[in-house]
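Hi everyone, thanks for coming. I'd like to walk you through one structure today, and I'll explain the vocabulary as we go.

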Amino acid sequence: MLNGLQADNDDPLWMQRALEQAWAASTVGEIPVGAVLVSGGHLLAEAHNRMRTTGDPTAHAELVALRQAAERTGSGLLLDATMYVTLEPCAMCAGALVLARVARLVYAAPDPKSGMCGSLGNLVEDRRLNHRLAVSAGVLAKPAGDLLRAFFRARR
């Protein structure tokens with residue numbers, strides 16, 4: 001149990017779906033990060049990185065999924081939602097999760113170079129902010145990390 005919210009037995013299932021999005025990103029030359037947003041056991045949105053294909057530096061998987069969910073629900077507040085993402089969110093994405101009031105974050109692989117949900121800092125659990133997320137890390141970390149390593153190895 002983290003921050004009052006219990007880990008969900010469906011975490012591996014939803015993370016597998018995020019991994020499918022990450023794989024789809026790699027097939028179009030995007031850094032393979034996938035995100036899935038779920039509320040009440042129902043899919044709100046799923047996305048992968050689109051920075052290279054759109055030329056938009058903010059088109060991270062998490063932000064694309066948050067935008068889709070906000071459009072679908074008609075609200076930028078996603079109070080009961082859980083975000084599943086294959087790589088620990090950066091500062092921009094962590095901040096967006098806080099602003100959207102997402103309840104829970106589940107990520108697969110840590111990002112020691114830019115992760116702001118435990119690695120470099122912990123924006124989503126910072127007590128100075130008016131909202132904090134429960135965080136579960138390491139769900140399907142190996143396949144997510146393997147996909148990222150293979151992607152970057154192929155580009156060297």
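Let's start at a slightly odd spot: just after helix α4, arginine 101 takes a positive phi of about 60°. Arginine 101 sits in the loop between α4 and β4, and that positive value turns up in a residue other than glycine. Why mention it? Most residues other than glycine have a negative phi, and most peptide bonds are trans.

Before I go on, some housekeeping. This is a predicted model, where local features need pLDDT of at least 70, side-chain atom pairs count only at pLDDT 80 or more, and totals for chains, interfaces and linings use all residues. Residues are numbered from 1 along each chain as its sequence is written, and side-chain values use heavy atoms, with hydrogens and water left out. When I say α or β plus a number, I mean DSSP runs numbered from the N terminus: helices are H or I with at least four residues, strands are E with at least two.

Back to arginine 101, which counts as partly exposed at 22% relative accessibility. Here's the scale: buried is under 20% relative accessible area, exposed is over 50%, and partly exposed is in between, using a 1.4 Å probe and protein chains only.

There's another residue with this kind of backbone angle. Leucine 140 has a positive phi of about 55° although it is not a glycine. You'll find leucine 140 in the loop between β5 and α5, and at 26% relative accessibility leucine 140 counts as partly exposed too.

Now the helix before arginine 101. Which residues of α4 are buried? They are Cys93, Ala94, Gly95, Ala96, Leu97 and Val98. The buried residues of α4 pack against α3 (61-73), β3 and β4; contact here means heavy atoms within 4.5 Å.

α4 (residues 91-99) also belongs to a bigger motif, a right-handed β-α-β unit made with β3 and β4. Right-handed means that, with the strands pointing away from the viewer, the path from the first strand over the helix to the second runs clockwise.

On to the sheet. Five strands form an open sheet in the order β2-β1-β3-β4-β5, and the pairing is mixed. Two strands pair if DSSP finds at least two bridges between them. β2 (42-48) and β5 stand at the edges, each with a single partner strand, so one side of each has no neighbour in the sheet. On average, neighbouring strands of this sheet are turned by 15° against each other, direction ignored.

Let's zoom in on β4. Strand β3 (residues 81-87) runs parallel to β4, and five bridges join them; leucine 87 stands opposite alanine 109 in β4. On the other pairing, β4 and β5 (residues 134-137) go together in the parallel sense over four bridges. There, arginine 104 stands opposite alanine 134, and leucine 105 stands opposite valine 135.

Is β4 enclosed or open? Six of the six residues of β4 (residues 104-109) are buried, so β4 is largely enclosed by the rest of the structure.

Take alanine 108, which is found in β4. Alanine 108 is buried, with a relative accessible area of 1%. Leaving out residues up to four places away in sequence, alanine 108 touches Met15, Val85, Thr86, Gly138, Val139, Leu140, Ala141 and Ala144.

Proline 143, in helix α5, is 35 residues from alanine 108 in sequence and 8.6 Å away in space, C-alpha to C-alpha. Proline 143 is partly exposed, with a relative accessible area of 37%.

So what does α5 do? α5 lies across β3 and β4, running at about 60° to β4. The axes of α1 (residues 11-27) and α5 (residues 141-154) come within 11 Å and cross at roughly 5°. Axes are lines fitted to C-alpha atoms, for helices over the stretch in contact, and angles run from 0 to 180 degrees between N-to-C directions. α1 and α5 are therefore roughly parallel to each other, a label for angles under 35 degrees (over 145 is roughly antiparallel, 65 to 115 roughly perpendicular, the rest oblique).

The contact is made by Leu19, Ala22, Trp23 and Ser26 of α1 and Pro143, Ala144, Leu147 and Phe151 of α5. By class, that's seven nonpolar, one polar and no charged residues. Nonpolar covers Ala, Val, Leu, Ile, Met, Phe, Trp, Tyr, Cys and Pro, charged covers Asp, Glu, Lys and Arg, and the others, Gly among them, are polar.

That's my tour, thanks for listening!
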